[in-house]
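Biologist: Could you walk me through this one before I set anything up? I'd like to ask as we go.

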Amino acid sequence: MTDILKLITEKLHGKIKEADFEGANIVLYTNNENFFKEGEPKIKEIVNEIKKRVELRADQKILPDKETVESQIRKIVPEEAGLTNIIFDYHRSIVIIEAKKPGLVIGKQGSILNEIRETTLWTPQVQRSAAIKSQITENVRSVLYANNTYRRKFLNEIGKKIYKEWNPEKSNIWIRLTFLGGARQVGRSCLLLQTPNSKVLLDCGVDVASSGKDKFPYFDVPEFDISQLDAVIISHAHLDHVGLLPYLYKMGYKGPVYMTPPSRDIAALLSLDFIGVSYKQASKPLFSSKDVIEMVKHSVCLNYNEATDVTPDVRLTFYNSGQCLGSSLVHLNIGNGTHNLVYSGDFKYGKSRLLDPAVNTFPRVETVVTESTYGSKNDILPPRQKSEEELIEIVNKTIKRGGKVLIPELGLGRAQETMLILEDAMKSGKLEKIPIYIDGMIWDINAIHTAYPDFLSSRVRSEIFQDKNPFVSDTFSRVGSFQERRNVIEGGPCLVLATSGMLVGGASVEYFKEFAGNKNNSLIFVCYQGVGSLGRQVQDGAKETRMVVDGKEEKVEINFEVNTIDGLTAHAGRNELLSFFNNMRPKPKRIIINHGEVSKEMDLSSALYKLNRVETNVPRNLETLRLR
Ligand SMILES: [Zn+2]
């Protein structure tokens with residue numbers, strides 16, 4: 001037994017049957033019923049002493065059988081909570097209660113949960129069931145349940161590694177950060193953080209707009225050894241940050257991946273879609289659904305503001321980054337406060353309908369790695385209001401002349417934002433009553449949104465709580481089959497939201513082929529178009545392109561109206577980037593710029609240097625910076 005577990009069991013002489021790690025948390029199992037019910041003050045004492053999370057559970061031996069417990073729970077939980085499922089994790093003495101209204105299962109100050117715990121001796125956990133049925137969330141959860149035994153062992157192993165070198169003192173360590181991808185480019189974000197005790201990967205993305213080796217981070221370098229990797233941390237579930245994660249598991253990685261619960265579900269969904277798109281493009285997918293399951297099995301999820309140790313000297317906290325559902329700023333406390341790094345992934349420092357703005361107040365911060373997608377002086381985004389009006393105007397104009405509108409969307413984040421704008425405009429009469437079709441993965445991702453309202457803006461959250469869920473509005477029709485898609489293509493004026501956002505595979509490409517030739521139609525770009533993507537070529541004014549139509553390569557003429565609305569992007573514009581740092585507390589000493597085209601990164605770097613008088617860097621891929 002590891003020293004710390006021994007120390008705790010000895011303190012609780014004889015009352016603890018077993019002690020285990022669950023990641024960085026410590027779980028104690030007791031077969032003494034009284035101690036289980038009354039031992040809480042003793043446990044609090046220990047928590048205060050070691051400053052780690054400790055949970056007391058009942059040992060399997062004293063647990064009542066499942067049928068009894070299930071009927072007790074059904075009696076205790078009020079009817080209105082909308083119980084949907086009760087799942088037993090026997091190996092961890094946990095009972096998971098899924099309900100439409102989790103708040104009612106928890107009760108005032110946890111009163112109902114406490115009653116369940118005392119009555120059944122099982123440790124209850126509550127999960128929200130999605131308002132729209134989410135197949136992927138259900139599948140992800142069932143993979144986790146099916147692997148309970150494995151998970152208990154796996155989480156215990158993580159804990160052993162974390163506590164092996166456990167040292168509560170501030171340590172005098174070196175820290176290095178290597179850019180394996182995402183430096184001076186948008187796409188394949190991947191950074192390797194190293195200390196004497198840790199090797200941690202931050203993000204593991206693909207560059208969907210590139211081809212060949214350039215699609216992937218530089219994994220063929222000496223400092224990257226998959227067998228030495230301690231942890232992977234994912235900032236959010238866009239493919240440029242998570243797309244290659246299942247591949248790591250295919251290559252034999254068996255360690256944990258840390259992310260928020262919605263990021264886990266969306267990453268699983270996008271990865272499975274990525275496999276499908278590869279097949280459609282007649283290329284061999286990089287990984288299989290088996291590898292996606294491995295990813296889910298090894299996921300460790302954290303909510304915002306919930307800190308956990310990931311290695312002996314790295315402590316992780318996620319903060320809201322305002323970019324898409326579950327997206328995070330990654331805060332790393334390295335060496336017990338020796339150095340604090342904030343890695344931004346992507347962020348938005350402005351209010352959107354869907355999300356609150358990115359957090360920029362931290363307990364401590366010395367170094368920030370920031371994105372710079374819209375970092376140049378010219379990237380002043382128009383006000384949201386104006387952008388929303390522009391969107392509505394283009395749609396109205398197109399419909400009036402009998403055309404169809406295509407908006408290629410990233411499935412995650414922007415599509416939901418656009419939906420909220422359209423729904424609102426139609427309700428208030430600014431937008432004509434027209435059919436709005438949703439094709440591709442957007443619908444599935446809507447469902448995931450309804451499973452995790454705690455990650456949404458306060459306004460949308462309260463709408464969902466009051467059963468006025470905007471994502472189930474009858475303004476939107478789902479296109480679910482090939483025939484339904486034909487009907488939309490052959491039908492009258494309408495608006496189509498379809499993935500992918502850069503016209504690289506997916507439903508949007510199918511509509512593009514059909515709509516592009518007719519000058520009455522319109523295309524509206526609302527998200528970033530990667531260099532090399534079809535979207536970027538069209539945005540830059542291409543008049544024709546070659547595409548596969550009905551199995552043959554053909555010339556497709558681009559006659560329709562092409563519009564770009566920058567103000568609706570999920571990224572921070574230039575002004576938001578500057579004010580994010582201007583208002584940041586505390587002030588960082590160093591800002592490292594990545595995730596941008598090179599000229600934008602340079603431009604942002606010099607502006608941040610002048611405004612904040614801090615060291616700024618614009619590293620290249622493969623460069624290593626010493627943080628300390
Ligand atoms: Zn990104």
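Modeller: What follows is a short tour of a metal site, some ring pairs, a helix packing and one strand residue, all in a predicted model.

Biologist: Let's start with the metal, then: which residues coordinate the zinc ion?

Modeller: The zinc ion is coordinated by D240 through OD, H241 through NE2, D346 through OD twice, and H595 through NE2, with distances of 2.1 to 2.7 Å. Along the sequence these donor residues follow the spacing D-H-x104-D-x248-H. Of these, D240 belongs to helix 9 (residues 239–242), while D346 sits in the loop between strand 16 (339–343) and strand 17 (367–370), so that the pair, 106 residues apart, links distant parts of the chain.

Biologist: Are D240 and D346 buried or exposed?

Modeller: Both D240 and D346 are buried.

Biologist: Switching to aromatics, how many pairs does a search of the whole structure find?

Modeller: The search finds 16 aromatic pairs. In one of them, Y90 and W122, the ring centres are 6.4 Å apart and the planes stand at 45°, so this pair counts as tilted. Y90 is in the loop between strand 4 (83–89) and strand 5 (94–99), and W122 is in the loop between helix 6 (111–120) and strand 6 (123–128), which puts the two 32 residues apart and links distant parts of the chain.

Biologist: And how accessible are Y90 and W122?

Modeller: Y90 is partly exposed, at a relative accessible area of 35%, whereas W122 is buried, at 1%. Elsewhere, ring pairs join F347, Y349, F580 and F581 into a cluster.

Biologist: Which ring does R117 lie over, and which one has the charged end of R613 over it?

Modeller: R117 lies over the face of F36, 4.0 Å from the ring centre, and the charged end of R613 sits over the ring of Y609, at 5.1 Å from its centre.

Biologist: New topic: at what angle do helix 13 and helix 14 pack?

Modeller: Helix 13 (residues 384–400) and helix 14 (residues 414–427) pack at about 70°, with their axes 11 Å apart, and that angle makes helix 13 roughly perpendicular to helix 14. On the helix 13 side R384, E388, L391 and I392 take part, meeting E417, T418, I421, L422 and A425 of helix 14.

Biologist: Last one: what is V549 in contact with, leaving aside its neighbours within four places in sequence?

Modeller: V549, which lies in strand 23 (residues 544–549), is in contact with K513, E554 and V556 once those neighbours are left aside. V549 and K513 are 36 residues apart in sequence, yet their C-alpha atoms are 7.7 Å apart in space. V549 is also buried, with a relative accessible area of 16%.

Note on methods
Residues are numbered from 1 along each chain as its sequence is written. This is a predicted model: local features need pLDDT of at least 70, side-chain atom pairs count only at pLDDT 80 or more; totals for chains, interfaces and linings use all residues. Side-chain values use heavy atoms; hydrogens and water are left out. Donors are N, O and S atoms within 2.8 Å of the metal (3.2 Å for Na, K and Ca); water is not among the atoms, so sites may look incomplete. Helices (H or I, at least four residues) and strands (E, at least two) are DSSP runs, numbered from the N terminus. Buried means under 20% relative accessible area, exposed over 50%, partly exposed in between (1.4 Å probe, protein chains only). Rings of Phe, Tyr and Trp (its six-membered ring) pair if their centres lie within 6.5 Å; planes under 30 degrees apart count as stacked, over 60 as edge-to-face and the rest as tilted. A charge sits over a ring if NZ of Lys or CZ of Arg is within 6 Å of the ring centre and within 35 degrees of the ring normal. Axes are lines fitted to C-alpha atoms, for helices over the stretch in contact, and angles run from 0 to 180 degrees between N-to-C directions. Angles under 35 degrees count as roughly parallel, over 145 as roughly antiparallel, 65 to 115 as roughly perpendicular and the rest as oblique. Contact means heavy atoms within 4.5 Å.
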